[in-house]
Amino acid sequence: MKRRHLKTDKLLIYAVSSFAFLLLSAPVIVLLISGVRSQAWGGLPDSATILSAAALSFISTLAVVCLAALLGTPLAYVLSRHEFRGKRLVSLFIELPIVMPPAVAGLALLLTFGRRGAIGSLLAEAGIIIPFSIIAVIIAQFFISAPFYIRSAQVGFSSIAAEVEDAARVDGAYGWLMFWYITLPIAWRALFAGMILSWARALGEFGATILFAGNLQGKTQTMPLLVYSVFERDIDAAIWTGLILIVLALVALSLSQWLARAQDKID
């Protein structure tokens, strides 16, 4: 009787797990099948449109990753190594964009950097207009994706044993010297994995970008916005453009997971 109950429980767990996997994987599988069944590459929008959106996505996401590494690394190090009043609140605000509705994120960016925004009005007086420009694309992508890098970097720094840095101090390492030659070489996998996740999230950013930067072909139209645009007139073109994004996302996710496994083996 006991074995029967265990077998029933096991079957129930497998059934629920299979159903959950189906819900998560079915949309991607259907999209892949739809791409194979479509009119091959004939459904794609013209090459100039794709190249323009791809180039803009590459430039903007590369800038976002560089900004995330430049600004997020010191922030992640402070959060992982120092205790101060309001630390939890700071962490909350940093990670809030991860769960913030995209439309709300775009609205917040407009109210901050728009021509009449809290900061944008000051910039407008100096002749700097951010909305509906490539700068707006970069800011929107950074706002949404940087928390992924900061969280990963924070985990990487936190995983370094305090004894390692203490031993480095005894040997004469301090400040930037210790950070550059001791901390970064140990935590680089976590930082690089965070960069990849941040890049992938920036590449797929849509909601905040279309509200804050618009969907101007050749100016602010990234790959996700191109999917939205061609979907209105050609479903095959939207499918193939979406497949390009999925392949890039799969590569990024696989590389990130490989780095995580490599870090676990070292630890």
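Q: What does contact mean in this predicted model?
A: Contact means heavy atoms within 4.5 Å. Leu191 meets that cut-off with Thr73, Tyr149, Ala153, Phe157 and Leu184, leaving aside residues up to four places away in sequence.

Q: Which residues have the most contacts inside the largest nonpolar core?
A: They are Tyr149, Ala153, Phe157 and Leu191. This core has 16 residues. Helices α2, α6 (134-158) and α8 (175-203) each give two or more residues to this core.

Q: What makes a set of residues a nonpolar core?
A: The residues must be buried, come from Ala, Val, Leu, Ile, Met, Phe, Trp, Tyr and Cys, and be joined through side-chain atoms within 4.5 Å. A second, separate core has eleven residues, including Ile130, Val137, Ala140 and Ile144.

Q: Why does Ser80 count as buried?
A: Its relative accessibility is 15%. Buried means under 20%. Ser80 is therefore buried.

Q: Where is Ser80, and which residues does Ser80 touch?
A: Ser80 is in helix α2, residues 47-81. Not counting residues up to four places away in sequence, Ser80 touches Gln154, Phe157 and Ser158.

Q: Why is α3 called oblique to α6?
A: Helix α3 (residues 87-99) packs against α6 at an angle of about 125°. Roughly perpendicular covers 65 to 115 degrees, and roughly antiparallel needs over 145. The angle of about 125° fits neither range, so α3 is oblique to α6.

Q: How many Å apart are the axes of α3 and α6, and what is the handedness of their crossing?
A: The axes are 8 Å apart. The crossing is left-handed.

Q: Which residues make the contact of α3 with α6?
A: From α3 come Ile94, Glu95, Pro97 and Ile98. They meet Phe143, Ile144, Pro147, Phe148, Ile150 and Arg151 of α6.

Q: How do the residues of this contact divide into nonpolar, polar and charged?
A: Eight are nonpolar, none is polar and two are charged. Glu and Arg count as charged, so Glu95 and Arg151 belong in that class. Ile, Phe and Pro count as nonpolar.

Q: How many helices and strands does the chain have?
A: There are eleven helices and zero strands. From the N terminus on, the elements run α-α-α-α-α-α-α-α-α-α-α.

Q: What share of the chain counts as buried?
A: The share is 37% of 267 residues.

Q: What share of contacts joins residues at least 24 apart in sequence?
A: Among contacts between residues at least 6 apart, the share is 74%.

Technical notes. Residues numbered from 1 in each chain as written. Predicted model: local features only at pLDDT ≥ 70, side-chain atom pairs only at ≥ 80, totals over all residues. Heavy atoms only, no water. Helix = DSSP H or I, 4+ residues; strand = E, 2+ residues; numbered from the N terminus. Buried < 20%, exposed > 50% of the residue type's maximum accessible area, 1.4 Å probe, protein only. Axes fitted to C-alpha atoms, helices over the stretch in contact; angles between N-to-C directions. Parallel < 35°, antiparallel > 145°, perpendicular 65-115°, else oblique. Left-handed = near helix turned anticlockwise from the far one by under 90°.
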